[in-house]
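The following exercises concern contacts between side chains, ring geometry and burial. Each task is followed by a solution in steps.

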Amino acid sequence: MPRQRVEQYLELIEIARMEEQRQARGLAEVAPESRPFAGGTAGRGEPGQWINYVVGMGMAGPVDEGELDDVIRWYESKGTEARFEVSPFVGDDLLGLLERRGFGVRMFENVFFRELDRSEPVRPVHQAPSDVEIGIVNPSDDAEIREYGAVAMSGFFPPGVEPTEVNYAQVARGVKHPRSVSVVARVGGRIVGAGAMAVNDEVAGLFALSVLPAFRRRGIQQGLIAARLNLAAERGARLACIGSKPGIGTERNVRRMGFALAYAKISMAKAGPGLAAIVG
């Protein structure tokens, strides 16, 4: 699909609905616990785990105040903060409800999109060196999944903070999910870059991309992006989305590879005594 057709026939709000619903469905399927909320999904795991968030809510109509309070208590009962990923297309009522409950902004994220056409393979702008091999993780190989997880999580934890066994178990759940594919870049047999992709109907989401510091600026990230886009197209996706913190290397690379900004969203959370914030 040429890009002009995407822009002509899909309003940005439609792209947001498709991507937010893809995330909501994926969260419901991989979170240890989940529940529907306001058209989206609330996921819950161990305190501090990244899986503790709500996504896709508030885009289909007013949010029930009592239901919102139930979801907040659901998180707090397990000792974790409630975190809501809020798109710019939610109703004003949700923002007001969160504000009155003391929620503040924790993080900004830009969501980019581009069209896919399996007859036109995506290629990196800058080709990685010949010693870099890109391949798919075997979901039946626990050792490979473990190595993949270590690299994939390396870019999401603060310095000095190591992933826990719970984190590794959550990564394994994602790798083994039937609608996802995990991709790695190897140099000399060692995994030095990793990323994942999942398809929901005609939209694919790219996520969990990390490259080890010693191997950055070699075209590896672009190679992993291209590989996942081509796999998504083979699985029937016509649109791909990827989220990025503003101003980092991922954002620059996806722009170089034909992505455009679809929307920006914020993560809102509320601190409280004894409540664990999300790490990673």
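**Exercise 1.** Determine which residues arginine 123 contacts, leaving aside its neighbours within four places in sequence.

*Solution.* Contact means heavy atoms within 4.5 Å. With neighbours within four places in sequence left aside, arginine 123 is in contact with Ala226 and Met257. Next, locate the residue: arginine 123 is found in the loop between β5 (104–115) and β6 (132–136). Helices (H or I, at least four residues) and strands (E, at least two) are DSSP runs, numbered from the N terminus. Arginine 123 has a relative accessible area of 63% and is exposed; buried means under 20%, exposed over 50%, and partly exposed in between (1.4 Å probe, protein chains only). Finally, the C-alpha atoms of arginine 123 and isoleucine 225 are separated by 9.0 Å, although the two residues are 102 residues apart along the chain.

The model is predicted: local features need pLDDT of at least 70, side-chain atom pairs count only at pLDDT 80 or more, and totals for chains, interfaces and linings use all residues. Residues are numbered from 1 along each chain as its sequence is written, and side-chain values use heavy atoms, with hydrogens and water left out.

**Exercise 2.** Describe the length and burial of helix α7 (residues 220–234).

*Solution.* Helix α7 has 15 residues and spans 21 Å from its first C-alpha to its last, close to the 21 Å expected at 1.5 Å a residue. The expected span is 1.5 Å times one less than the number of residues. As for burial, 12 of the 15 residues of α7 are buried, which leaves the helix mostly covered. Among them are Ile220, Leu224, Ile225, Arg228 and Leu231. Glycine 236 follows α7 and has a positive phi, near 100 degrees.

**Exercise 3.** Identify the elements tied together by the salt bridge of glutamate 85 and lysine 265, and state whether each residue is buried or exposed.

*Solution.* A salt bridge is a side-chain nitrogen of Lys or Arg within 4 Å of a carboxyl oxygen of Asp or Glu. The side chains of glutamate 85 and lysine 265 satisfy this at 2.9 Å, N to O. Glutamate 85 lies in strand β4 (residues 83–86) and lysine 265 in strand β11 (residues 260–269), so the pair ties together parts that are 180 residues apart in sequence. Glutamate 85 is buried at 9% relative accessibility, and lysine 265 is buried at 3%. The structure holds 19 salt bridges.

**Exercise 4.** Trace the interactions of arginine 146.

*Solution.* Arginine 146 meets glutamate 165 in a salt bridge (2.8 Å, N to O). This pair links distant parts of the chain, with glutamate 165 in helix α6 (residues 165–175) and arginine 146 in helix α5, 19 residues apart. Arginine 146 is partly exposed, at 39% relative accessible area. Arginine 146 also lies over the face of tyrosine 168, at 3.7 Å from the ring centre; a charge sits over a ring if NZ of Lys or CZ of Arg is within 6 Å of the ring centre and within 35 degrees of the ring normal.

**Exercise 5.** Classify the ring pair of phenylalanine 37 and phenylalanine 84.

*Solution.* Rings of Phe, Tyr and Trp (its six-membered ring) pair if their centres lie within 6.5 Å; planes under 30 degrees apart count as stacked, over 60 as edge-to-face and the rest as tilted. A search of the whole structure finds 5 aromatic pairs. The centres of phenylalanine 37 and phenylalanine 84 are 6.1 Å apart and their planes stand at 65 degrees, so the pair is edge-to-face. Both residues are buried.
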